[in-house]
Structures are given as structure tokens and as C-alpha cells.
Amino acid sequence: TAPGYAPSLRSRLPLVAFLLETIFILLFVFFVKIEQPEQIDREYDSKLFISSYAEFQDIHVMIFMGFGFLAIFLLRYGFSGSGFNVLLAAMAIQWAVLMNEIHISMKSMIEAELCAASALVAMGAVHGKTNPVQLLLMALVEVTGFVVNQWILFFSADPVYSIMLLHVFGALFGVMVSWVLYREGIEPVHEKEKTDRKTGLFAMFGTLFLWMFWPSFNSALVRDHKWERGLKLTVIYGTYLSLAVSVVMAMSVSMLTSAKGKMNMVYVQSSALSGGVAIGVAMTAVHTPWIAMTIGFCASLLSALGFRYMKNHMLFAFECHDTCSVLNVHAVPGILGWFALLFLRLASDESTIAVQFAVYHICVLLITACMSLVMGTATGPTTLIHIWRPQQDRKCFDDQAFWEVKGFVHLHHFKYVTTP
Amino acid sequence: TAPGYAPSLRSRLPLVAFLLETIFILLFVFFVKIEQPEQIDREYDSKLFISSYAEFQDIHVMIFMGFGFLAIFLLRYGFSGSGFNVLLAAMAIQWAVLMNEIHISMKSMIEAELCAASALVAMGAVHGKTNPVQLLLMALVEVTGFVVNQWILFFSADPVYSIMLLHVFGALFGVMVSWVLYREGIEPVHEKEKTDRKTGLFAMFGTLFLWMFWPSFNSALVRDHKWERGLKLTVIYGTYLSLAVSVVMAMSVSMLTSAKGKMNMVYVQSSALSGGVAIGVAMTAVHTPWIAMTIGFCASLLSALGFRYMKNHMLFAFECHDTCSVLNVHAVPGILGWFALLFLRLASDESTIAVQFAVYHICVLLITACMSLVMGTATGPTTLIHIWRPQQDRKCFDDQAFWEVKGFVHLHHFKYVTTP
Amino acid sequence: TAPGYAPSLRSRLPLVAFLLETIFILLFVFFVKIEQPEQIDREYDSKLFISSYAEFQDIHVMIFMGFGFLAIFLLRYGFSGSGFNVLLAAMAIQWAVLMNEIHISMKSMIEAELCAASALVAMGAVHGKTNPVQLLLMALVEVTGFVVNQWILFFSADPVYSIMLLHVFGALFGVMVSWVLYREGIEPVHEKEKTDRKTGLFAMFGTLFLWMFWPSFNSALVRDHKWERGLKLTVIYGTYLSLAVSVVMAMSVSMLTSAKGKMNMVYVQSSALSGGVAIGVAMTAVHTPWIAMTIGFCASLLSALGFRYMKNHMLFAFECHDTCSVLNVHAVPGILGWFALLFLRLASDESTIAVQFAVYHICVLLITACMSLVMGTATGPTTLIHIWRPQQDRKCFDDQAFWEVKGFVHLHHFKYVTTP
């Protein structure tokens with residue numbers, strides 16, 4: 001191809017996608033069955049179904065609409081931002097179903113969507129600097145790592161750990177991939193890494209759908225125990241209040257840290273969500289509304305400050321460009337939530353149990369972080385290799401590398417017309 | 001009116017809409033009652049209500065948000081695309097309630113929305129080339145035809161047939177209307193039949209809402225039988241997986257068939273939905289996930305190829321301009337689904353029963369197709385007649401014919417200001 | 001600050017928000033607990049939870065997405081329109097929880113969102129002419145007034161009254177604040193009070209989400225009585241049909257009252273919702289679909305005519321500028337609904353009871369209206385005082401006063417780059 005154009009993926013993406021889909025379908029033939037509800041009491045099942053399906057739909061909207069549109073604040077990257085989000089999520093879900101369970105049920109579908117969520121978090125760090133084939137491979141490796149990490153930690157018993165781990169795992173993984181893929185040639189500020197009024201509003205949609213349905217996201221896999229009635233409701237109320245406080249704080253801090261006293265839409269949107277991340281980790285130990293609100297307060301404060309100061313530091317000190325600043329939105333609030341969890345347990349439980357709990361959870365966090373950092377670093381070179389034809393530096397953050405942007409709806413008409 | 005302006009509908013649309021609404025309200029006075037749940041067991045009713053209302057809301061979002069925004073990829077047609085969609089759907093639903101049932105219940109409301117869906121599919125073919133009065137008349141005739149077709153086929157017993165038939169009926173109806181309304185004067189490519197970055201993103205919203213809630217759409221009228229527990233869940237999982245595969249394939253084929261290896265957003269959005277259409281027809285015979293995925297694979301392949309090649313062929317060979325290419329999105333995958341249904345039944349059932357089933361269903365498909373083609377052709381001239389003041393050729397695909405686009409929010413201020 | 005720039009809120013908004021959040025959290029520590037479902041029958045509770053949570057989510061979407069995007073038809077006010085909506089709603093909800101109940105439950109959360117809705121209605125009248133600190137104070141006073149009004153009227157017993165009163169209270173309150181805040185300096189038409197194709201479509205999103213989920217909004221707090229089974233369902237069907245008629249009428253009247261026969265998107269969007277407002281007041285007395293449709297018909301007619309004629313009259317005769325014309329969208333249909341309620345009761349009940357009912361409800365309406373007018377007028381000067389730094393006249397209806405609009409995503413990069 002001429003040097004003026006991005007390398008065409010025509011011979012790469014369709015082939016990889018065809019192959020993967022064929023393999024997935026073959027694996028489904030042999031390994032995946034639909035859970036038959038015969039053995040379950042009909043009455044119980046019907047009620048459970050209604051509840052799970054509504055929660056599943058909320059999460060479904062978050063994954064495909066929320067994450068997709070949150071990422072399109074970039075001026076010229078809307079088609080890729082939303083399109084690749086759907087592509088990755090659809091593939092990641094199929095792969096996660098294969099890795100997680102051999103029976104399809106509402107629960108396994110929700111778990112698969114959570115795995116996809118962790119891959120989408122990772123994608124946030126490399127957005128705009130990778131092509132869809134690279135993203136696809138990264139997503140599949142990320143999902144594999146995330147599930148294997150849960151196997152290692154023997155977490156299959158309690159699915160709530162998925163929600164606790166996915167933000168930290170996804171964010172650290174993505175940041176490492178982004179670090180390995182760092183492009184020397186890009187100026188500190190790429191000329192296309194811009195936003196405007198309209199893309200800011202599209203991103204607002206994505207943000208709001210994430211923000212509004214986050215209580216369902218956190219509570220979906222929480223089940224009421226005999227010894228702890230109403231845990232699910234407590235998680236819903238806690239997430240709701242934590243998010244309400246964190247959106248107020250996000251605006252305040254964004255204005256306070258700006259020299260001209262003006263809010264930055266991208267910062268506000270991202271920090272507004274940090275309360276949901278933090279409470280998602282600590283939720284099982286939060287029993288009163290004010291603690292939830294305090295966690296939202298702190299998470300948003302940390303996240304909004306990180307946006308103003310840490311992102312640039314990461315770029316200049318470590319040569320790591322984190323497009324959606326997932327480190328501030330997912331990793332930092334996630335780790336804060338972990339500390340809140342330990343602190344709350346230490347304050348409430350008997351000391352021996354609490355210390356055991358703390359040691360165990362610190363280990364879990366460390367193992368997950370290591371796993372994520374190592375796998376991210378290892379994935380970088382794989383996705384970098386030249387056969388995947390990464391776009392040139394100056395085609396970063398630009399839809400034109402992959403999409404027919406603007407122009408007539410049916411380009412082929414022209415061929416008809418002009419070729420006599 | 002001066003030749004430079006589109007013919008004003010001021011004396012047409014309000015009159016027609018007032019009249020129709022008055023007639024509808026009068027008919028409602030005499031014929032429509034709300035179903036009183038007295039006779040139903042309260043316990044059962046309450047559960048059923050919760051379930052149906054959530055499903056109803058999902059479908060409601062698809063009809064008013066999904067279809068409306070899917071159609072606004074056209075650069076200058078956003079107000080009309082979304083506005084006329086709401087107008088048509090609201091009228092079609094009232095008419096469908098009158099034709100379908102005399103008691104309003106969740107079930108009758110869902111059925112009315114499905115009738116509206118078939119009218120909206122038909123509208124997709126003539127979008128941008130007809131004025132709202134024409135669209136309104138077309139929609140009412142379409143709904144009448146769709147319901148009468150079900151009466152002829154004695155389908156009132158099993159409402160699942162609505163979903164099986166609506167895509168084929170709507171698409172063929174719309175294509176015939178579009179064929180009759182063909183405007184010689186329009187160049188093969190109208191200068192306003194264009195898309196851009198922002199309208200592409202708006203269309204992405206509509207697409208995603210359709211895509212995400214399609215499992216509810218397909219499963220809403222499926223009831224679990226005694227001999228087939230869990231059919232509703234199977235339909236949900238099947239639709240979900242079929243759509244996941246079809247969105248991946250839509251992107252791949254769109255890139256593969258482009259000379260420059262670039263995806264086309266309009267094609268991707270439409271083909272991504274074809275999996276839902278096809279599985280919606282075959283769903284009662286699909287019991288394993290891999291068959292659902294294979295159906296999604298094939299539907300998307302056919303649909304995406306159709307976009308590149310069939311649409312232009314239709315235009316140049318048959319002088320039929322199909323704005324949203326409903327033939328590729330609804331008719332072709334619908335017929336594919338029908339073949340899948342027959343094939344699966346032939347493969348699984350006892351031969352005598354299977355052959356009976358096949359003959360019966362082929363007849364149903366043929367009768368529906370004939371009915372749809374005939375009624376579409378007959379409706380064309382009715383909506384064409386000059387008293388409805390169709391817009392000029394050069395005002396096609398343009399909001400300015402019907403809407404105050406741009407400008408001050410309260411135009412009348414100016415009158416005050418300038419008239420002393 | 002230089003005269004060319006809007007007064008910076010850097011020293012105001014963060015301080016006020018920090019303070020308020022701290023106070024709220026402290027009050028939550030002492031006064032708010034989560035309702036423990038121990039005493040409730042588990043079976044019953046589980047079902048109730050599912051139902052309430054789904055309804056709550058619908059309302060949640062209306063408050064944060066619907067109201068937020070409805071208000072961004074203004075060309076340069078999208079960030080503020082959607083951003084301040086979230087800010088206000090999040091604060092108003094926390095305050096409403098504190099004022100309403102000491103136990104958090106689904107019911108108290110829904111009630112808190114309804115209070116927030118009334119504050120957002122009030123905000124509609126002053127949109128674009130006030131800064132976020134002023135809006136915040138106004139919202140908190142409005143919520144206080146709304147709750148106190150309910151205390152005065154002893155309405156804590158039947159929460160349905162919230163929905164009946166919120167539109168009238170919010171709209172009159174907002175209009176009075178707008179009247180007090182009237183800016184002499186603004187020309188009758190501010191040069192930035194404009195709309196365009198894209199902002200009209202964003203507003204369409206907001207409108208549709210409000211329109212689609214309005215049945216949940218009206219029915220959320222309706223409980224089935226022993227003597228009136230199926231009341232909740234009747235309210236849902238009634239709201240649905242009323243809205244269907246009112247959207248058709250909104251388009252018709254908008255076209256009929258335009259000299260050129262062109263519809264105005266802003267008018268259509270707002271009037272389409274008036275059917276939901278009116279039926280929300282009269283709903284407990286509406287038992288047949290055609291009455292609901294007639295109410296929608298009349299509400300939309302009145303509201304659409306009001307848009308063309310009353311808004312300007314308000315501006316020129318009373319010097320009251322009502323940005324979103326909440327008087328036409330909420331107050332007028334609300335009062336119409338009240339009359340419909342009285343009329344329907346007088347027509348159906350025994351005369352003595354009906355007259356008692358009428359006198360009682362006329363008193364309620366008058367007290368609410370007075371309360372709202374007085375508090376709105378009193379709030380105006382408080383929010384006007386100069387320490388809150390209202391933006392200059394020429395910065396009205398403009399995001400640039402408060403937001404970093406356009407430009408590079410991470411402005412601070414530049415500082416690094418240019419400062420050696």
C-alpha cells in the first residue's frame with residue numbers, strides 16, 4: 001500500500017475472525033450445553049429467572065453500550081471506539097463461556113460478561129494505538145489470564161471475587177500492554193487526541209449507562225446468605241450512594257484543580273465512576289450508607305487528582321501512555337476498595353479471624369497484580385509483531401485507518417455509474 | 001407554494017392525524033376494555049406481570065429508540081428518521097390494539113408492538129422518499145395486512161408466529177411500495193444520501209439497543225410448554241449467541257469485501273442484526289448453542305454480501321431503491337431462518353410428521369410472501385396520489401422539507417421583535 | 001478575572017459541594033439506616049424486590065438520562081445541560097433521603113428520585129442563565145419545599161400524591177425563580193439560544209427515555225388495593241395510551257401552527273410528554289383506555305398551543321424567560337389533569353363524597369401552588385446574590401463559562417511540554 005495509507009487489514013482481520021469463530025463453534029459443539037431446568041423447582045426457577053434476566057440485561061447494556069460510548073470522547077475515533085468494543089466483547093464472551101462453564105445459564109452468562117468487562121478495561125489503556133486484530137488477541141489473552149487467575153486462587157466457589165478482581169486485573173494488564181507498545185514517534189500530545197462538544201456528549205451517554213446500572217453490576221452475583229439477609233439490597237443501596245457522592249466530588253475536584261476553574265468533561269466522566277469500582281471491592285463489608293458514601297468520596301478524590309497529575313507523570317516518567325487513564329479509573333479505586341475492605345473487617349471482626357482474612361486478601365491482591373503485570377508484559381510483544389500490521393503513528397486515534405468515514409452510503413453505486 | 005420550497009403539509013398531516021385519532025378514540029370507547037385480573041390467581045398474576053412488563057419495556061425501547069435511531073445514518077434526515085418513527089409506531093400500535101384484541105393486557109400490548117415493528121421494517125425501504133402522511137397510510141395498511149394474514153392462516157392460537165412472519169412480511173411489503181414509488185428523477189446516488197461520523201454514531205445507538213434487547217424480542221411470546229421446559233431460556237441464549245457471532249461476521253465480511261479493506265459502518269450495523277432475525281424464525285427448533293451460532297454465522301454472511309452486491313443490483317435491474325436495505329436485513333435472513341427451521345425439523349422428527357410440518361410451513365411462507373407482495377404493490381399507488389403532496393426529488397433525504405432545522409429555539413420571538 | 005472571561009467558580013462550587021457532602025455524610029451517620037428485611041416474609045420480599053428494583057431502574061434512567069438530555073437542545077449548552085442535571089439530581093436525592101425517611105428501602109429511593117424530579121423540572125425554567133452553585137442551592141430549597149408541602153398536607157400516608165404534585169410544584173417554583181432572576185440585559189432572543197440538527201437528536205434521546213419509561217414513573221408508587229385490583233396495571237396502560245396520542249397530537253399541532261407548515265423539534269419533544277404529566281395526576285380515576293387517550297389528546301393540544309403563543313407572552317408581558325417552557329410541559333398539563341380528576345370523580349361517585357373530594361383537592365392544589373410560588377420568589381434573591389458569581393449576560397447558554405470545551409484531552413501535557 002502507498003505510504004499515505006494505513007496498512008490494510010483486509011487479509012488479516014477477516015481471516016483471524018473467521019478462524020476463531022469456526023474454532024469457537026466447533027468447541028461449542030462438543031463442550032457447551034444449555035442448562036436444563038428440569039431438576040429445579042419450577043416456582044423457584046421462574047422467580048430466579050426473572051430476577052437474573054433483568055440484572056443480566058442491565059450488565060449487557062453496560063458492556064455493549066456503556067463501555068463502548070465511554071471510550072469515544074476522542075474526536076475522530078467514534079466508529080472504532082464503539083465498533084471494536086462490540087467486536088471484542090462479543091468474542092470475549094464466547095471465549096469466557098468456553099473457559100468458565102460447560103453449561104449455559106444466566107449465571108454463566110453474567111460471569112462471561114464480567115470477563116469481557118475486564119478485557120474492555122484493558123482495552124481502554126491501548127485505545128487508538130492498536131488495530132482490531134491486536135485488540136482481539138489481547139482480549140482473548142486477557143480473558144484467559146483472568147480466568148486462570150481465578151482458578152489458581154480457587155475462587156470458583158464464590159463468584160463475587162470476579163467483581164473484586166476484574167478492575168485491578170484489567171487495568172494493570174492494559175497498562176503493561178500499553179507500556180510495551182509505547183510509540184516513540186508520537187509527540188507527547190498526538191494531534192488527534194482531542195475531544196469536542198459532540199463527542200463529549202456521546203461519551204456522556206456511555207458514562208451515564210455505566211453509572212446508572214452499576215448497582216446491578218455489583219450486586220448481580222451477590223446471593224443472600226442465611227446468616228446475612230438483605231446483603232444484595234445492601235450492595236445495591238451502597239453502590240448507588242457511593243456513586244452519587246463520587247459524581248459530585250468528581251466535578252468539584254475537576255474544577256478545583258483547573259487554573260481557570262473550568263471542569264474537564266473527560267475527567268468528570270471517568271472519576272464519577274470510581275465510586276462504583278471501589279465499593280464493588282469492599283461491598284461485602286459495607287453495612288451502613290455513610291461508609292459507602294465515604295468510600296465514594298475518597299475514591300473520587302483520588303481518581304480526580306490522579307487524572308490531573310498522575311497521567312502525565314506516567315507518560316513522562318515511564319513512557320506509558322494510558323488513553324482512557326484506566327489506572328485512575330479502575331486500578332487506584334480498586335486498590336482503595338481493597339484497603340477499605342481490610343480496614344472494615346479489622347474494625348468489626350474478632351482479631352484472629354480479621355488478621356487471617358487480611359493476610360489472605362493481601363495475598364490474593366498481590367498474586368492477581370503479579371499475574372496481571374506479567375501477562376500484560378508478555379502479551380505486548382505478541383500483539384506487536386509486524387504481521388498484524390499496526391497503523392502508522394500519524395493514523396493513531398483515527399477512524400480512517402479502518403472505516404469508510406463520511407461519504408455516500410453506498411459507495412459501490414459510484415463504480416456502477418462511472419464505469420460504463 | 002414557490003417552486004423552491006417543498007409542498008407544505010400544513011393542510012394535510014394535522015387533518016389526517018386529527019381524524020384518525022378521533023376515530024381511534026371513538027372505536028376505543030366502544031370496543032376496548034382493560035383486562036381485569038380478577039379471575040386470575042393473584043400470586044400467579046403478580047409474577048407474570050413482573051416478567052411481562054420487563055420484557056415489554058425491552059421491546060418498547062427497541063421499537064421507539066432502536067428502530068428510530070437505526071434509520072438516522074442519513075446525514076440530513078435525523079429529525080424525520082426518529083420523529084416519523086415515533087409517529088408511525090404510536091399510530092400503528094393503537095390500530096393494532098383495535099385489530100388484535102378487545103382486551104388490553106401485557107400480551108396484547110406486546111403483540112401490538114410486534115405489528116408496529118413490521119410496519120417500521122416496511123418504512124425502512126421507503127425512508128427519505130415519502131412524506132409523513134404517505135408513511136402513516138402505508139403503516140396502517142401494512143398493519144391491517146399483517147393481522148389479516150395471521151387470521152387467514154389461523155395463527156391466533158400461537159402468537160410465536162408473529163415474530164416468525166413480521167420480518168418477511170414487512171420487508172417484502174416495503175420493497176414493493178418502494179418499487180412502485182420509484183422516482184425516475186433521482187440520480188442513482190442522491191446527493192443527500194450520505195452519512196458522516198456523528199450520524200453514524202447515532203445509528204450505532206439505535207443498532208445497539210436493537211441488538212442488546214433482541215433476546216427479549218424473540219422470547220417475549222414464547223411460553224414454556226409442559227413437554228418442553230426451558231424453551232424460553234433456550235430462545236434467549238440462542239438469540240444472544242447468534243447475535244454475538246453475527247456482529248463479528250458482519251465486521252469481517254464488510255472489511256473483506258471492501259477494496260481498501262475498510263469497514264462500512266452502515267453495513268456493519270445492519271448485518272449485525274441479521275442473526276437475530278434468522279434465529280427468530282428457527283428458534284423453536286434450535287436446542288443447542290452451536291446451531292444458534294451457525295445460523296448467526298450464515299445469516300450475517302448472506303446479509304453482508306447482499307449489502308455489497310444485491311442492493312445495487314436491485315436498483316439497477318429492477319429500479320427499486322431500498323433505503324435501509326431491508327431486503328438484506330430482514331427478508332433474506334428471515335427466509336434463511338425458515339429453511340433452517342425446516343431442515344432442523346426434518347433432521348430430528350419422525351419423517352411423516354416432519355414432512356407434514358415442512359409442507360405446512362412452506363405454504364405459510366408462500367401465502368405470507370404473496371399477501372405481502374400484493375398488498376405492497378396495491379398500497380404504492382394509494383400513497384402516491386398527488387393530494388398527499390410528496391416532496392420534490394431534490395428534497396428527498398432532507399429534514400428541511402418537514403422540520404424547522406437549525407435556528408433560534410423560539411422563532412416567534414422574532415415576529416414580536418421585528419413587528420412593532 | 002479579566003472582563004472577557006466568566007467569573008471563575010473555582011473558589012465557590014468545590015467549597016459548597018465539599019461542605020454539603022460532608023454535612024450529608026455526617027447526617028447519614030446518625031440518622032439513616034438500611035431497612036433490614038428480617039421481619040418481612042422472605043417469599044413476599046423477594047418478589048417485591050424484583051418488581052420495585054426494575055421500576056426503580058426505569059425511573060433512575062428517566063432522572064439521569066431523560067431529564068439530562070431533554071434539556072440539551074441548546075446548541076452550546078450540552079455539557080452543562082447533562083452535567084449539572086447529574087450534579088443536581090445526585091445532591092437532591094441525598095437530601096431527599098434525609099428529609100423523607102430514616103430507613104433506606106426501594107420505596108424511599110423511589111420517593112427520593114421523585115423529589116429530585118421536581119427539582120429538575122424547576123431547573124428547566126432557569127437553564128442557561130444560572131451557574132451550578134445557584135442551581136444547587138435552588139434544588140435543595142426546592143426539595144425542602146416540596147417535602148414540607150407534603151408534610152403540611154398530611155400526605156405521608158399516600159405516596160401517590162408525590163407524582164400528582166411534583167410537576168405543578170416544580171414548574172411554578174422554577175418559573176418564579178426565573179422571573180426574579182430576569183436579566184434586563186439579554187435581548188428578547190439571546191444569540192446563543194439556538195438549536196441545530198445534532199443537539200436536536202441528543203434531545204430526542206432524552207425525550208424518548210422519558211416517554212418510554214413514563215408508565216413506570218406514574219405506576220411506581222401505586223399499590224393494588226383490595227377493593228381495586230389491577231390499579232397498577234390500569235395506570236400503566238393508561239399512561240402508555242395517553243402518551244401515544246399525545247405524541248401524534250404534538251406533531252400535528254406543531255405543524256398546524258407553523259406558517260410554513262414545518263414542525264419544530266423542541267416543541268414536539270416537549271409536548272409529546274404532556275400526556276404523561278396529565279394522566280399522572282388523574283390516573284387514580286381513569287379506568288377506561290379512551291378516557292386516558294382523551295386526556296392525552298387535550299394535554300398535548302393545550303401544551304403545543306402554549307408553546308407557540310404563551311411562552312412569548314410570558315416573556316414580553318411578565319418579563320419571565322422560561323428556557324425549557326416548563327409552564328407548558330409540566331404546569332398546564334398538571335392542572336388539566338387535576339380538573340380531569342375532579343370531573344371524573346364528580347361524574348362517577350355519589351354526589352356528597354364527590355363534592356368533598358373536589359373541595360379537598362382544590363384546596364390541595366391551591367396550597368401547593370401558593371407554597372411553590374412563594375418559595376420560588378423567596379429563593380430567587382438568595383441564589384442571585386453576588387457572592388455566587390453569576391455568569392455575564394453574554395455567557396448565558398454557553399458551556400464555555402464552566403467547561404473546558406474542545407481541545408486536547410489532557411491539557412496539562414502542554415504545560416509539561418512548553419515549560420522546560
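How many residues of chain A are in contact with chain B, and with how many residues of chain B? In this predicted model, 73 residues of chain A are in contact with 74 residues of chain B, and the legends below take up this interface, the one between chain C and chain A, the relation of the copies, and the surroundings of one histidine.

**View 1. The interface of chain A and chain B, with the salt bridge of B:Arg197 and A:Asp398.** About 7,100 Å² of area is buried between chain A and chain B, and carbon and sulfur atoms give 73% of that area. The two chains are also joined by 4 salt bridges; in one of these, B:Arg197 pairs with A:Asp398, with 3.9 Å between the closest N and O atoms. In addition, 12 residue pairs, with both residues at pLDDT 80 or more, are in polar contact across the interface of chain A and chain B.

**View 2. The side of chain A that touches chain B, by element and by residue class.** At least two residues each come from helix H1 (13–31), helix H2 (42–70), helix H3 (78–100), helix H4 (106–126), helix H7 (197–219), strand S4 (407–408) and helix H14 (412–418) of chain A. Of the elements on this side of chain A, H2(A) gives the most, with 14 residues. Sorted by class, the residues of chain A that make up the side touching chain B are 44 nonpolar, 16 polar and 13 charged.

**View 3. The interface of chain C and chain A, with the salt bridge of C:Asp196 and A:Lys198.** Here 74 residues of chain C are in contact with 74 residues of chain A, and the area buried between chain C and chain A is about 7,000 Å², with 73% of it given by carbon and sulfur atoms. There are 4 salt bridges between chain C and chain A, including that of C:Asp196 with A:Lys198, in which the closest N and O atoms are 3.8 Å apart. Polar contacts between chain C and chain A number 11 residue pairs, both residues of each being at pLDDT 80 or more. Several elements of chain C each supply at least two residues of the side that touches chain A, among them helix H1 (13–31), helix H7 (197–219) and strand S4 (407–408), while H2(C) gives the most to that side, with 14 residues. The side of chain C that touches chain A holds 44 nonpolar, 16 polar and 14 charged residues.

**View 4. The relation of the copies.** Chain C is superposed on chain A, with an RMSD of 0.0 Å, by a rotation of 120° with 0.0 Å of shift along its axis, which is the relation of a three-fold axis. Only 11% of the interface residues of chain C are also interface residues in chain A, and the copies therefore meet through different surfaces. A turn of 120° and a shift of 0.0 Å along the axis likewise lay chain A on chain B with an RMSD of 0.0 Å; for this pair, too, the copies use different surfaces, 11% of the contact residues of chain A recurring in chain B.

**View 5. The surroundings of A:His330 in helix H12 of chain A.** A:His330 lies in helix H12, which spans residues 326–348 of chain A, and A:His330 counts as buried because its relative accessibility is 7%, under the cut-off of 20%. Apart from neighbours within four places in sequence, A:His330 is in contact with A:Phe67, A:Val121, A:His167, A:Ala171 and A:Val277. The C-alpha atoms of A:His330 and A:Val168 are 6.3 Å apart in space, although these residues are 162 residues apart in sequence.

Note on methods
Residues are numbered from 1 along each chain as its sequence is written. Chains are lettered from A and ligands numbered from 1 in the order in which they are written. This is a predicted model: local features need pLDDT of at least 70, side-chain atom pairs count only at pLDDT 80 or more; totals for chains, interfaces and linings use all residues. Side-chain values use heavy atoms; hydrogens and water are left out. Contact means heavy atoms within 4.5 Å. Buried area is the accessible area (1.4 Å probe) that two parts lose on being put together, summed over both. A salt bridge is a side-chain nitrogen of Lys or Arg within 4 Å of a carboxyl oxygen of Asp or Glu. A polar contact is a pair of N or O atoms within 3.5 Å; within protein, one must be able to donate a hydrogen and the other to accept it, and residues adjacent in sequence count only if both atoms are side-chain atoms. Helices (H or I, at least four residues) and strands (E, at least two) are DSSP runs, numbered from the N terminus. Ala, Val, Leu, Ile, Met, Phe, Trp, Tyr, Cys and Pro count as nonpolar, Asp, Glu, Lys and Arg as charged, and the others, Gly among them, as polar. Copies are superposed by least squares on the C-alpha atoms of residues with pLDDT of at least 70 in both. Buried means under 20% relative accessible area, exposed over 50%, partly exposed in between (1.4 Å probe, protein chains only).
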